[in-house]
Amino acid sequence: MAHTKSAQKRIRQTEVRTERNRAAKSRIRTLRKKVSEALTAGDKTAATTAVSELASAVDKAAKTNLIHSNKAANIKSKAAKALAATGA
């Protein structure tokens with residue numbers, strides 16, 4: 001256990017950040033599944049909104065360096081390419 005007040009504060013901050021990052025990454029995974037499910041179901045409107053939500057979440061994650069900006073671009077590109085393949 002940390003002895004100094006500053007070290008204790010850093011531990012608290014790390015716990016909060018870790019939980020926030022975990023939630024953001026989980027949201028991205030969930031949205032990727034949502035896009036995939038909408039595309040397989042053939043629901044173009046749901047797929048379009050899901051891709052939009054995914055792009056927003058990925059951009060936010062990249063902005064805070066939660067994921068690399070190139071990975072964000074790859075995720076968005078794959079989602080857009082899959083959406084375009086359905087003719088939406």
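**Note on a predicted three-helix model**

1. A47, T48, V51, L54, A55, V58, D59 and A62 of helix 2 make contact with S69, A72, I75, K76, A79 and L83 of helix 3. By type, the residues of this contact comprise ten nonpolar, two polar and two charged. The model is predicted.

2. Helix 2 covers residues 44-63 and helix 3 residues 69-85; their axes come within 9 Å and cross at roughly 175°. Angles over 145 degrees count as roughly antiparallel, so helix 2 is roughly antiparallel to helix 3.

3. The secondary structure consists of three helices and zero strands, and the order from the N terminus is α-α-α. The radius of gyration is 17 Å, well over the 12 Å given by the globule rule for 88 residues, so the protein is more spread out than a compact globule. Along the principal axes, the C-alpha atoms fill a box of roughly 60 × 25 × 15 Å.

4. Of the 88 residues in the protein, 23% are buried. Among contacts with a separation of 6 or more, 49% are between residues 24 or more positions apart.

5. The largest nonpolar core holds 19 residues, and I28, V35, L54, V58 and I67 have the most contacts inside it. Helix 1 (5-41), helix 2 and helix 3 each give two or more residues to this core. Helix 2 supplies the largest share, eight residues.

6. V58 belongs to the helix 2 side of the contact with helix 3 and is also listed among the core residues with the most contacts. Apart from neighbours within four places in sequence, V58 is in contact with I28, I67, A72, I75 and K76.

7. I67 sits in the loop between helix 2 and helix 3. Its relative accessible area is 12%, under the 20% cut-off, so I67 is buried. Not counting residues up to four places away in sequence, I67 touches K25, I28, V58, A61, A62, A72 and I75. The C-alpha atoms of I67 and A38 are separated by 24 Å, with these positions 29 residues apart along the chain counted as their spacing.

8. R29 is part of helix 1. At 48% relative accessibility, R29 counts as partly exposed, since the partly exposed class runs between 20% and 50%. R29 and L54 are 25 residues apart along the chain, and their C-alpha atoms are separated by 9.1 Å. L54 is one of the helix 2 residues that meet helix 3, and one of those with the most contacts inside the largest nonpolar core.

Note on methods: Residues are numbered from 1 along each chain as its sequence is written. This is a predicted model: local features need pLDDT of at least 70, side-chain atom pairs count only at pLDDT 80 or more; totals for chains, interfaces and linings use all residues. Side-chain values use heavy atoms; hydrogens and water are left out. Axes are lines fitted to C-alpha atoms, for helices over the stretch in contact, and angles run from 0 to 180 degrees between N-to-C directions. Helices (H or I, at least four residues) and strands (E, at least two) are DSSP runs, numbered from the N terminus. Angles under 35 degrees count as roughly parallel, over 145 as roughly antiparallel, 65 to 115 as roughly perpendicular and the rest as oblique. Contact means heavy atoms within 4.5 Å. Ala, Val, Leu, Ile, Met, Phe, Trp, Tyr, Cys and Pro count as nonpolar, Asp, Glu, Lys and Arg as charged, and the others, Gly among them, as polar. A nonpolar core is a set of buried Ala, Val, Leu, Ile, Met, Phe, Trp, Tyr and Cys residues joined through side-chain atoms within 4.5 Å. Buried means under 20% relative accessible area, exposed over 50%, partly exposed in between (1.4 Å probe, protein chains only). The radius of gyration is taken over C-alpha atoms; the globule rule is 2.2 Å times the number of residues to the power 0.38.
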